[in-house]
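Colleague: I should like to work through the features of this structure one at a time. Please give the general idea first in each case, and then the case at hand.

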Amino acid sequence: MENNRSFPAVYGMVLGLFSILAILLPKLIVLGFLALAVLVGVGLYKRKMTFKLDLLSGLFISLYILYLLYALFTRHPDLAGRYIENKLSFIVLPILFSFRLKEKVNVYWGIVGFLFAVLILLIQSYTAAFGCFFDGGGRACFLASLFSYQHHPSYTSVFLIFAMGLLIYGYRQKLQGFKLYFIIPFLALLFISSILCLSLAGILFLFGLIAVLILVLIYKKWGKLVCLLAGVLAPFVLYFTIVSIPQVEGEWTNAKWYADEYLKDSDAFIKMRKYPMSGTEVRIVMWTVSSKVLKKYPLGVGTGNVDEVL
């Protein structure tokens, strides 16, 4: 492994620290930004970094500039200021990561830091879930927000799925410590935990990703024709897989029922909703209202005015 004192290795360590703070101590994430900024400053001083802004970073920065420009038209300066503060990551992260190392980044400690944070997150989740269960909470303690109490279940799903990818990457790159006897149980734990989060978006993404990977493997082994046939069958296999898992099937059925009712009569559906609404109901209502606002104000309503208008 590369010398851990080298600048590329230190860069990887800071990425690992950033991951740990973002996943386990999000209120202290400012320290992660500070560490990255200091590292960039040192890298520029030592001439080990160069600035290169890519298209995606430029789009995020442009989006933030739009927030600033539309703040000129706000009727709620306090809310506009809060939006501008909350969206700072749209400009800070793209700029920090636009300073690129001239050498190849040593990502080892960045990957280790991310996986360590996810593992601790799961230990916290299962500890809380078992505690809740033995206090009489039942199986619900292992599901949704009772299980993923630290973050929204959809966000936790993102962490878990990304961790799966890093495990496979580490194994394929033959990184130190990435052995099958460690990777396979960890992958199984991540997969089961992502299902327990009961995020329909996360589950659909996970199974869709698995389907794509399988199709790529089929294409490489048996060619385009077999891959196309498998692609036709994939949606059906995906559907039957989802409905075969009781908890996931319930989420799917509820979402489908709301969608069917909405398509029958969208205005009646919205008028009949009563508080408190489920997450799916809230999304459908907000999407509908937002589409009407977009038609009325195609150029936007001003930063901080959106709550009032909606």
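Colleague: What is the torsion about the S-S bond of cysteine 132 and cysteine 141, and is the disulfide left-handed or right-handed?

Modeller: A disulfide is a covalent bond between the sulfur atoms of two cysteines. The criterion applied here is a pair of cysteine sulfur atoms within 2.5 Å. Cysteine 132 and cysteine 141 are joined in this way, with an S to S distance of 1.9 Å. The torsion about their S-S bond is about -55°, so the disulfide is left-handed. Please bear in mind that this is a predicted model, in which local features need pLDDT of at least 70 and side-chain atom pairs count only at pLDDT 80 or more, whereas totals for chains, interfaces and linings use all residues. Residues are numbered from 1 along each chain as its sequence is written, and side-chain values use heavy atoms, with hydrogens and water left out.

Colleague: How many disulfides does the rule give, and why is cysteine 197 not bonded to cysteine 141?

Modeller: The count comes to one disulfide. The sulfur of cysteine 197 has its closest cysteine sulfur in cysteine 141, at 15 Å, which is too far for a bond.

Colleague: Which of these cysteines are buried and which are partly exposed?

Modeller: Burial is read from relative accessible area: buried means under 20%, exposed over 50%, and partly exposed in between, with a 1.4 Å probe and protein chains only. Cysteine 132 is partly exposed at 25%, while its partner cysteine 141 is buried at 1%. Cysteine 197 is buried at 0%, and cysteine 227 is buried at 17%.

Colleague: Where is cysteine 227, and what does it touch?

Modeller: Cysteine 227 is placed in helix 11, residues 224-243. Helices (H or I, at least four residues) and strands (E, at least two) are DSSP runs, numbered from the N terminus. A contact means heavy atoms within 4.5 Å. Setting aside residues up to four places away in sequence, cysteine 227 touches Leu215, Ile218 and Tyr219.

Colleague: How should one read the faces of helix 3, and which of its residues are buried?

Modeller: One begins with the length. Helix 3 (residues 55-70) has 16 residues and reaches 22 Å from its first C-alpha to its last, close to the 22 Å expected; the expected span is 1.5 Å times one less than the number of residues. Its buried residues are Ser57, Gly58, Ile61 and Tyr64. They cover an arc of only 125° around the axis, which puts them on the same side of helix 3; the arc is that of the directions from the helix axis to the C-beta atoms. These buried residues pack against helix 4 (77-86) and helix 5 (89-98). On the other side of helix 3, Leu55, Leu56 and Leu59 are exposed.

Colleague: Which elements give two or more residues to the largest nonpolar core?

Modeller: In soluble globular proteins, nonpolar side chains tend to be buried together. A nonpolar core is a set of buried Ala, Val, Leu, Ile, Met, Phe, Trp, Tyr and Cys residues joined through side-chain atoms within 4.5 Å. The largest one has 32 residues, and those with the most contacts inside it include Ile23, Phe114, Leu115 and Phe178. The elements that give two or more residues are helix 1 (7-24), helix 6 (108-137), helix 8 (153-172) and helix 9 (180-196). Helix 6 gives the most, with ten residues. Leaving aside neighbours within four places in sequence, leucine 115 is in contact with Ala163, Leu166, Leu167, Phe178 and Phe186. A second, separate core of eleven residues includes Tyr11, Phe18, Leu96 and Phe99.

Colleague: Is serine 125, in helix 6, buried or exposed?

Modeller: Serine 125 counts as buried, at 2% relative accessibility. Apart from residues up to four places away in sequence, serine 125 touches Phe147, Tyr149 and Gln150.

Colleague: With which side chain does the side chain of glutamate 281 make a polar contact?

Modeller: A polar contact is a pair of N or O atoms within 3.5 Å; within protein, one must be able to donate a hydrogen and the other to accept it, and residues adjacent in sequence count only if both atoms are side-chain atoms. The partner is the side chain of arginine 273, at 2.6 Å. Glutamate 281 lies in helix 14 (residues 279-296) and is buried, with a relative accessible area of 9%.
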